[in-house]
Amino acid sequence: MRLETIAVARRAQPAKKKKAAPQKRSRGKTAPKKKSGGLGRLMLGGAIVAGTISAIIAVGSMLELDRASRDFGEQAANSQPEYEPEPAPVPKSKNYDFSESNGNRDRTGYMVGQRDETDELPVPHSAPADKKPDPVAAKTPAPSVHQGLDGGVQDDAMPPWQKFAALTPETGSAPVIAIIIDDAGLDQPRTARAVKLPGPVTISYLPYARDLQHQVNDARAHGHEIMLHMPMEPSSSTIDPGPHALRTSFDRDAILAEMLWMLDRFDGYVGVNNHMGSKFTSDPERMKVVMEVMKSRGLLFLDSKTSAQSVGYSLARKYDVPALERDVFIDDADDATKIANMLARIEKVATHQGFAIAIGHPRDLTLEALQKWIPAVQAKGFVLVPATDILRRTNPSATG
């Protein structure tokens, strides 16, 4: 019994754990632990510095851009953008047959008869009997004549820019404004509304409109001045400037032929301004031909400035052609607010330089704005004048 108790007690005691054998130490030294964060902190610091520098540069750039934007805005507010006027509608037919039995007749500057193939110069003769007389020009005595550039006969006593000039009201020392309404003639109802504007204004008619002489006579009877709105090639090949437009692909003879057709369409105008023409007016060689004709016919040239690269005004002065250039486009956008802004700009330009030349079109918003603005601007002391009055002021060689 005792032996069994001793045996049970022994079995109840837990077995002693064996001591783990000591691990063998390697002979080499343990590599020291790297201090965490040293290089990382260095890289982080560099990134912070770089970020700060970038932020400073960005702020400086933003300030510079802001200044540039402000400067650009001021320049835009004080300057006129290049503008290719919206084309007037042209007939869908491409043959452009507007004969009206045009034939040979009186033309502004000189008369031309049919050319005999054996003659170098045409024989002048009078206008057809069915041509309606111009009530304004009828009072002008017949002038003496001489041969012109392309075989015509030039008015020697009084060039057309003087002969057909509208009367200028008394201006004194007041700043003056010339309003040119071009693209006239095609839309006859709106052109008629332009004729009823308080004047004088200058109305420039497209040569491919109908009933031109009748429209022109009516405008002149209302005291307005008349110009011919000559189509010229625009920069965009997708825009049709209309029939008989002058193009840079034309040689001298082709330019003369098209000009002769346009200049023959009606009588009683003082000069020409370009319809579109941002491409053509930038071509010195072609514009030289235009100026030779202007000089020969005694016509003034108004550069509509549809392109900053236009050489029209400079070449006109070079060839001693009476010349003007546009200051303000009234309706480069058919928007009432923008039109009002442009009318205000006309006043500023006229106040600054003593005169202003502005071009608009026979559109509803433009005509409505002008109908209200003209009496208001006259009440402020500005005087509306025909384009020829400004020519006399700005061209010392011009007389009459």
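In this predicted model, the largest nonpolar core has 59 residues. Within this core, I179, Y205 and I346 have the most contacts. A second core, separate from the largest one, has 19 residues. Its members include A174, V176, V385 and A387. In soluble globular proteins, nonpolar side chains tend to be buried together.

Y205 also takes part in aromatic pairing. Two aromatic pairs were counted. The ring centres of Y205 and F266 are 6.2 Å apart and the planes stand at 70°, so this pair is edge-to-face. The pair links distant parts of the chain. Y205 belongs to strand 6, whereas F266 sits in the loop between helix 6 and strand 8 (271–276). The two residues are 61 residues apart. In the other pair, the ring centres of F266 and Y269 are 5.1 Å apart and the planes stand at 65°; this pair, therefore, is edge-to-face. Ring pairs thus join Y205, F266 and Y269 into a cluster. Y205 and F266 are both buried. The relative accessible area of F266 is 1%. Y269 is buried as well, with a value of 0%.

Helix 6 spans residues 252–263 and contains L263. L263 has a relative accessibility of 1%, so this residue counts as buried. Its C-alpha atom is separated by 8.8 Å from that of M230. Along the chain, L263 and M230 are 33 residues apart.

Helix 5 (residues 212–221) is mostly covered. Of its ten residues, seven are buried. These are L212, Q213, Q215, V216, N217, A219 and R220. The buried residues of helix 5 pack against three elements: helix 4 (188–195), strand 6 (202–205) and strand 7 (225–232). Just after helix 5 comes G223, with a positive phi of about 90°.

Charged side chains form a further set of contacts. Side chains of opposite charge can pair when their charged atoms come close. Eleven salt bridges were counted in the model. One of them joins K380 and E347, with an N to O distance of 3.0 Å. K380 lies in the loop between helix 10 (364–379) and strand 13 (383–384), and E347 lies in helix 9 (residues 336–353), so the pair ties together parts that are 33 residues apart in sequence. K380 has a relative accessibility of 55% and therefore counts as exposed. E347, in contrast, is buried at 13%.

Another salt bridge connects D389 and R393, at 2.7 Å from N to O. Both residues belong to helix 11 (residues 387–394). They are four residues apart, so about one helical turn separates them. D389 is buried, with a relative accessibility of 10%. R393 is partly exposed, with a relative accessible area of 39%.

R286 and D283 also meet through their side chains in a salt bridge, at 3.7 Å from N to O. R286 is partly exposed at 24% relative accessible area. D283 has a relative accessibility of 15% and falls under the 20% cut-off, so D283 counts as buried. Elsewhere, salt bridges link D187, R190, R193 and D364 in a network.

Key: Residues numbered from 1 in each chain as written. Predicted model: local features only at pLDDT ≥ 70, side-chain atom pairs only at ≥ 80, totals over all residues. Heavy atoms only, no water. Core = buried A, V, L, I, M, F, W, Y, C linked by side-chain atoms within 4.5 Å. Buried < 20%, exposed > 50% of the residue type's maximum accessible area, 1.4 Å probe, protein only. Contact = heavy atoms within 4.5 Å. Salt bridge = Lys/Arg side-chain N within 4 Å of Asp/Glu carboxyl O. Phe/Tyr/Trp six-rings, centres within 6.5 Å; stacked < 30°, edge-to-face > 60°.
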